[in-house]
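The exercises below ask you to read a set of strand pairings and a ligand site from a model, and each is followed by a worked solution. Please try each task on the structure before reading on.

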Amino acid sequence: MHCTMSMPHSAESARERGRAVLFDNYARFPLRPVRGEGTYVYDEAGRKYLDFTSGIGVLSLGHVPDAVAARLKRQLATLWHTSNVFESPLQEAVAARLVRASFADRVLFVNSGTEANEAAIKLVRRYARDVRGIEGGTIVAFERSFHGRTMGALSATGQPALHDGFGPMLPGFRFLPYNDTASLQAIDAGTIAVILELVQGEGGVTPADESWVQALVARARAHQALIVVDEVQTGMGRTGTLFAYQQYGFEPDVMTLAKGLGSGFPIGALLAKEAVARVFTPGTHGSTFGGGALAMAAAEAVLTIIDDPAFLAHVRQKGEALLGGLRSLASGHPDVGVRGRGLLLGLSFPEGARRYVDLLREEGVLVLTAGTNVMRILPPLTVSDEEIAAFLDALDRVLQKRAAEKARPGER
Ligand SMILES: Cc1ncc(COP(=O)(O)O)c(C=O)c1O
């Protein structure tokens, strides 16, 4: 790990050529990874970075994990795609594992988180019409949530800045403040479903309070509103249990998954209890690529590793080690907050987090932002004690630099 204060000339011109042909919709970090191995990525010049982004919470097993790579190679030589016009032994096997490990009775495979949430929105609307006789009911969602970028999932996303210029949004969503018990009174007989993240990831790494979740579940049940948990980011072991809802003492009706389920291979899934899943009769929903053989092979290999009590105990232990280290560093910086669950952790900075994300990158360490104030820390679930120690050392240097800058403002 080492300093990269400015890009070499050739990398700069390659970057400009790339930017001329790609849409400019991402404010990308000035880094060009071309190879990954475990918790490390290497850029075009061969520089090594400790990667605590996991491709935004996707690489549950790190870069190019051997078991998944081997399973994918085997599948590459066997069968890639047939579409859902045929039966799929592979889909059935992966679905059976997910059903065994969760509250759900049935699984529908798609290709991404947003697509899983689109399917969830359609499912709860269809259920409301078919089972409760309600058309045009309301889905309650939460401020600062993130459910995806396609029109339905975007309409459920409680971040007005992301809606800007794309209206009209889908009707039928109502936003309540997150972790605010009093406002749950708004869930009433016209509410067909509630959709929530149990840790808001993109919105700022904010865990749901247990008492608030209990009140939400009670209120939703009292009014027959379905509970949809969006576990696209929190699922697949990220928070220390296979699914985050398992730490909150309730069972949802519907769950969406994506990110970590393929550890880098694109995949999404919608899971539901039988009584809800049943309303998706033949022809109501579909996806050409959903549940393709390669994605299923990746998910099968990922589940074999993650759906194991010993692996999940490892995640909890590393999560506690990292959280403990963050708390101890932050104790010397009283305005820096620490939050999160498992290996979905955040540090909040009142003045904004971006500068410290950039300083860490100069130290050879990659992290993300969430919202504007939070540094989001998402190592692979396979992270080692040594990698956690290296991360904390680099963070310590960055926090010391921040303290020095605060002591001498204007001198940076
Ligand atoms: C909670 C949550 N839901 C949905 C999504 C959208 O997933 P995708 O980018 O795969 O469409 C994300 C992505 O960050 C997410 O964090």
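**Exercise 1: the surroundings of one strand**

Three bridges join strand β16 (residues 368-370) to β17 in the antiparallel sense, where strands are DSSP runs of E with at least two residues, numbered from the N terminus, and two strands pair if DSSP finds at least two bridges between them. The model is predicted, so local features need pLDDT of at least 70 and side-chain atom pairs count only at pLDDT 80 or more, while totals for chains, interfaces and linings use all residues. Residues are numbered from 1 along each chain as its sequence is written, and side-chain values use heavy atoms, with hydrogens and water left out.

Task: establish what partners β17 and which of its residues are buried.

Solution. Begin with the hairpin formed by β16 and β17, which has three residues between the strands and, in its turn, Gly371 with a positive phi of about 60°. Within this pairing, Ala370 has Val374 of β17 as its bridge partner. Next, turn to strand β14 (residues 344-348), which pairs with β17 in the antiparallel sense over four bridges, with Leu345 opposite Ile377. Finally, inspect the two faces of β17 (residues 374-377): Val374 and Arg376 on one side, and Met375 and Ile377 on the other, are all buried, that is, under 20% relative accessible area (1.4 Å probe, protein chains only). In a regular strand the side chains alternate between the two faces of the sheet.

**Exercise 2: an open sheet**

Task: give the strand order of the seven-stranded open sheet and identify its edges.

Solution. The order is β4-β12-β11-β10-β7-β5-β6, with mixed pairing. Because β4 (106-110) and β6 (173-176) each have a single partner strand, they stand at the edges, and one side of each is left without a neighbour in the sheet. The twist averages 20° from one strand to the next, taken between lines fitted to C-alpha atoms, with angles from 0 to 180 degrees between N-to-C directions. At the β6 edge, strand β5 (residues 138-142) pairs with β6 in the parallel sense over four bridges, and Ile139 stands opposite Phe173.

**Exercise 3: the ligand**

Task: describe which side chains make polar contacts with the ligand, a polar contact being a pair of N or O atoms within 3.5 Å.

Solution. A polar side-chain atom of Gln233 lies 2.7 Å from a ligand oxygen atom, and for Glu202 the corresponding distance is 3.1 Å. A side-chain N or O atom of Lys259 also lies 3.1 Å from an oxygen atom of the ligand.

Notes:
A polar contact is a pair of N or O atoms within 3.5 Å; within protein, one must be able to donate a hydrogen and the other to accept it, and residues adjacent in sequence count only if both atoms are side-chain atoms. Buried means under 20% relative accessible area, exposed over 50%, partly exposed in between (1.4 Å probe, protein chains only).
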